[in-house]
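Colleague: I'd like to get better at reading charged side chains in a model. Could you walk me through a case?

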Amino acid sequence: MPTATFDHLTAPKRDRITAALLTEFSAHSLATAQVARIVKQADIARGAFYKYFADLTDAYQYLYGLALDQIHQAVPTSM
């Protein structure tokens with residue numbers, strides 16, 4: 001999961017990084033994803049990526065968690 005440093009970023013910067021992750025993992029599997037493409041699209045330094053996430057798997061799990069949260073929000077609570 002992302003570090004506390006990531007959690008303290010401004011919302012626009014967090015959103016930009018999240019969008020870059022979504023773009024990368026939508027086009028590439030975890031095995032072929034590249035930090036270089038993510039940091040270029042997000043307009044952050046490569047070192048910053050590693051301040052926010054331990055590695056690509058960590059970033060992938062973060063994005064996966066967001067997707068699950070959105071799915072669960074869409075499910076009605078009473079059936």
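Modeller: Sure, let's go through the charged residues and then the core; keep in mind that this is a predicted model.

Colleague: How many salt bridges does a search of the whole structure find?

Modeller: The general idea is to look for a side-chain nitrogen of Lys or Arg within 4 Å of a carboxyl oxygen of Asp or Glu. Here the search turns up one. Arginine 37 pairs with glutamate 24, and their closest N and O atoms are 2.7 Å apart. The pair links distant parts of the chain, with arginine 37 in helix H3 and glutamate 24 in helix H2, 13 residues apart.

Colleague: Is glutamate 24 buried or exposed?

Modeller: The cut-off for buried is under 20% relative accessible area. Glutamate 24 comes out at 5%, so it counts as buried. Arginine 37 has 30%, so that one is partly exposed.

Colleague: And what about aspartate 58, which side chain of opposite charge is nearest?

Modeller: That's arginine 14, 14 Å away; aspartate 58 is buried yet has no salt bridge. Aspartate 58 sits in helix H5, residues 56–74. Leaving out residues up to four places away in sequence, aspartate 58 touches Met1, Pro2 and Phe53.

Colleague: What does phenylalanine 53 touch?

Modeller: With that sequence filter again, its contacts include Asp58, Pro2, Phe6, Ile17 and Leu21. Phe53 is also among the residues with the most contacts inside the largest nonpolar core, which has 20 residues. Ile17, Leu21, Ile44, Phe49 and Tyr52 are on that list too.

Colleague: Which elements give two or more residues to this core?

Modeller: H2, H3, H4 and H5.

Conventions:
Residues numbered from 1 in each chain as written. Predicted model: local features only at pLDDT ≥ 70, side-chain atom pairs only at ≥ 80, totals over all residues. Heavy atoms only, no water. Helix = DSSP H or I, 4+ residues; strand = E, 2+ residues; numbered from the N terminus. Buried < 20%, exposed > 50% of the residue type's maximum accessible area, 1.4 Å probe, protein only. Lys, Arg positive; Asp, Glu negative; His and termini not counted. Contact = heavy atoms within 4.5 Å. Core = buried A, V, L, I, M, F, W, Y, C linked by side-chain atoms within 4.5 Å.
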